[in-house]
Amino acid sequence: GYPDGLLDVGLGMLALLIGLAAWTRPIIIAIISGLSGLSARLGGLAGDLAARNSLRDIRRTTVTAGSLALALALVTSMGVLTSSTKATLDGAAETGLTADVLVVPVVGFTPMPATVTDQVRATPGVAGASPILFDSALIDFTPTFVNGADPDWVGEVINIEMQEGELAALAEGELLVSKSVASANALRVGQEVRALFAASGLVTLRIGGIYADNVYAGFSLLDEDLFRQLTGKSGVWYVYAAAEEGADPAVVKENVAAALAETPNAQAATLAEVTAYQDEIVDQALAGIYFMLLFAVIVAIVGVANTIALSVSERIREIGMMRAIGAPRSLVSRMIRSEAALTSFAGALLGVVVGLYLGGSIRLVLETIGFSTLSVPMASIALFFLLAVVAGVLAAALPARRASRLNALEAIRGE
């Protein structure tokens, strides 16, 4: 029922962060060392000195790059997770639903009145409809979610692929379970299980069939009347309706909308509209997450600026000697900005790699509840990577300007 492995992933993430703290230093050293040749070729003497200086106080460089890596890891992992969610929902809507008209709550995660289903069924142009009722239960003392549906119409509006048993068993009061639930709990057709519901207590149910995982069918299915009897709940979460043969789904949708005009918290939509709405919800959630994580990135960029400023303060005499032997101001400025670029690049690269691993791992665990599609938002990740590096370089602008304007003699004297 609930996704197996989330605890393992949580412990794994904790172990990864501990390992990251232990291995950040050698990884950052390896990245900067690997970039030193490129830095020298692109930046000349300034690039070569920048790479050497970045490795001089490696502890400070590691702390700075590590904070940026953590921020980018969170951004990247959330990007992968939300993008995979969006791709999974879009794919599931295309292959998992065959309904022509959907009725969904106006306020998300709030059930609609029990009368909604009958109103939809009575609407001109609607051939039939199935409600989706929802509750949690213990099946053989394993927590899971149970859906209630109309046994006559659920197979017409949801693409339920039976792998074992028959869909008709639903009308006989038997329980249908998804493939993932059956595999996780070693369930088989014909097996009797003990089910604990809040309203009815402990009951015995027979497994009537096993169907391929489908987000819209859920983890398990019961006849809607039996569901209400066992759970004591009659609120409807969704209604999936099939249009009569030859009817225009758009017209039927308008008819349903008119029939539900006075019904609270219920709105009619086509499959395309629901898909667009789902995408909008995911995009809004992702934007909110990015906004919150933006502060972590800003803190990390401020850390880059502080590190470069401290580095300049500690190397005033060295910079003065460079100016005294003829190093132009532009070389000093480019050296400081190149140090910031190397530190930011190393931290951002490490963060993206760790974030891809974290996001992929969480998505893999959620595969047990139907999140079957892995989607990596490369454009967004590349944009955040580039912004992190550019922001790091811009943050070093003031320290670089200060270093390039130092009076050589005063700097040598340490004034």
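**View 1. Where β3 meets β8.** In this predicted model, Ala149 has Asp223 of β8 as its bridge partner. That pairing belongs to a set of three bridges joining β3 to strand β8 (residues 220-223), and the two strands run parallel.

**View 2. The β2-β3 hairpin.** Now look at how β3 pairs with β2: strand β2 (residues 126-139) and strand β3 (residues 142-149) run antiparallel and are joined by seven bridges. Ala137 sits opposite Thr144 in β3. The two strands make a hairpin with just two residues between them. Check the backbone in the turn, where Asp140 has a positive phi of about 50°.

**View 3. Helix α8 from end to end.** Helix α8 covers residues 271-314. With 44 residues at 1.5 Å a residue, α8 should span 64 Å, and its end C-alpha atoms are 63 Å apart, so the two values agree. There's still a kink of about 25° in α8, centred on Leu293.

**View 4. Two Phe rings on α8.** Out of eight aromatic pairs counted in the model, this one is Phe291 with Phe295, arranged edge-to-face. Their ring centres are 5.5 Å apart, with 85° between the planes. Why are they separated by about one helical turn? Because Phe291 and Phe295 are four residues apart in helix α8.

**View 5. A nonpolar patch on the surface.** Phe291 and Phe295 turn up again here, together with Met292, Leu294, Ile298 and Val302. These side chains make a nonpolar surface patch of about 610 Å².

Technical notes:
Residues numbered from 1 in each chain as written. Predicted model: local features only at pLDDT ≥ 70, side-chain atom pairs only at ≥ 80, totals over all residues. Heavy atoms only, no water. Patch = residues over 30% accessible without salt bridge, like charges linked within 9 Å, V, L, I, M, F, W, Y side chains within 5 Å. Areas by Shrake-Rupley, 256 points an atom, 1.4 Å probe, with all protein chains shown as cover. Salt bridge = Lys/Arg side-chain N within 4 Å of Asp/Glu carboxyl O. Pairing = 2+ DSSP bridges. Expected span 1.5 Å × (residues − 1). Bend = angle between axes of the 7 residues up to and from the residue. Phe/Tyr/Trp six-rings, centres within 6.5 Å; stacked < 30°, edge-to-face > 60°.
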